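I opened this entry to find out how the chain is put together. I wanted to go strand by strand, then turn to the helix.

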Amino acid sequence: MEKHLGKIKTAYFGLGGYQDMCIGIHLNFAFEGCGISTSECAWDPARMECSSYAKWTEEDRSKELDCIMRYISQLLCDAKVDRVEKLVGIPVEITTENRTFKSFRVLTEVL
């Protein structure tokens, strides 16, 4: 596991993920001349129907959307901002393993 200090480079709430069919928060980080991205998102109900072939239900999607909203709420609170777009520039600690993104945290101690 490696830790890197960086900042949130871009942040938006909207469509992204697989073929832009997922709705949620999408973040891009800049650190040490590198960049890495992550998203917390779920299939957009307006664009993706739940069929009998799906391995998930509408209840599963509702729970996931609820988790995403709670995640965003906590992220905004930690960053001491009131809008997703104000996350840009917030200092973070990024954790990677074998050059793969694992997690990040807002550096609340420096805000």
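My notes on the sheet come before those on the helix.

**The sheet**

I am working with a predicted model. I began with the strand order. Five strands make an open sheet, and I read the order as S3-S2-S1-S4-S5. The pairing is antiparallel.

Which strands stand at the edges? I found S3 (34–43) and S5 (100–106) there. Each has a single partner strand, so one side of each lacks a neighbour in the sheet. I also looked up the twist. Ignoring direction, neighbouring strands of this sheet are turned by 35° against each other on average.

**Strand S1 and its two partners**

I took S1 next, which covers residues 2–16. With S4 (residues 91–97) it pairs in the antiparallel sense, over six bridges. I wrote down three of the facing residues. His4 stands opposite Ile94. Leu5 has Glu93 as its bridge partner. Gly6 has Val92.

How many bridges join S1 to S2? I noted nine, and the two strands run antiparallel. S2 spans residues 22–31. Gly16 of S1 stands opposite Cys22 in S2. The two strands form a hairpin, with five residues between them. In that turn I checked Gly17, and its phi is positive, at about 70°.

**Strand S4 and Thr95**

I stayed with S4 and looked at its other partner. S4 and S5 also pair in the antiparallel sense, over six bridges. Val92 has Val106 in S5 as its bridge partner. I had already met Val92 as the partner of Gly6 in S4. S4 and S5 form a hairpin too, with two residues between them. Asn98 sits in the turn and has a positive phi of about 55°.

Is S4 enclosed or open? I found six of its seven residues buried, so S4 is largely enclosed by the rest of the structure.

I picked out Thr95, which lies in S4. Is Thr95 buried or exposed? Its relative accessible area is 6%, and buried means under 20%, so Thr95 counts as buried. I then listed what it touches, leaving aside neighbours within four places in sequence. Thr95 is in contact with Met1, Glu2 and Lys3. It is also in contact with Thr100, Phe101, Lys102 and Ser103.

**Helix H1**

I turned to H1, residues 58–79. It has 22 residues. From first C-alpha to last it reaches 31 Å, close to the 32 Å expected at 1.5 Å a residue.

Which residues of H1 are buried? I noted Arg61, Ile68, Ile72, Leu75, Leu76 and Ala79. They cover an arc of only 95° around the axis, which puts them on the same side of H1. I kept a rule beside this. An α-helix has 3.6 residues a turn, so residues three or four places apart point the same way.

What does the buried side of H1 pack against? I found S1, S2, S3 and S5. I then checked the face turned away from it. That face carries the exposed residues Glu59, Arg70 and Cys77.

Last, I looked just past the end of H1. Lys80 follows the helix there, and it takes a positive phi of about 60°.

Note on methods: Residues are numbered from 1 along each chain as its sequence is written. This is a predicted model: local features need pLDDT of at least 70, side-chain atom pairs count only at pLDDT 80 or more; totals for chains, interfaces and linings use all residues. Side-chain values use heavy atoms; hydrogens and water are left out. Two strands pair if DSSP finds at least two bridges between them. Helices (H or I, at least four residues) and strands (E, at least two) are DSSP runs, numbered from the N terminus. Axes are lines fitted to C-alpha atoms, for helices over the stretch in contact, and angles run from 0 to 180 degrees between N-to-C directions. Buried means under 20% relative accessible area, exposed over 50%, partly exposed in between (1.4 Å probe, protein chains only). Contact means heavy atoms within 4.5 Å. The expected span of a helix is 1.5 Å times one less than its number of residues. The arc is that of the directions from the helix axis to the C-beta atoms.
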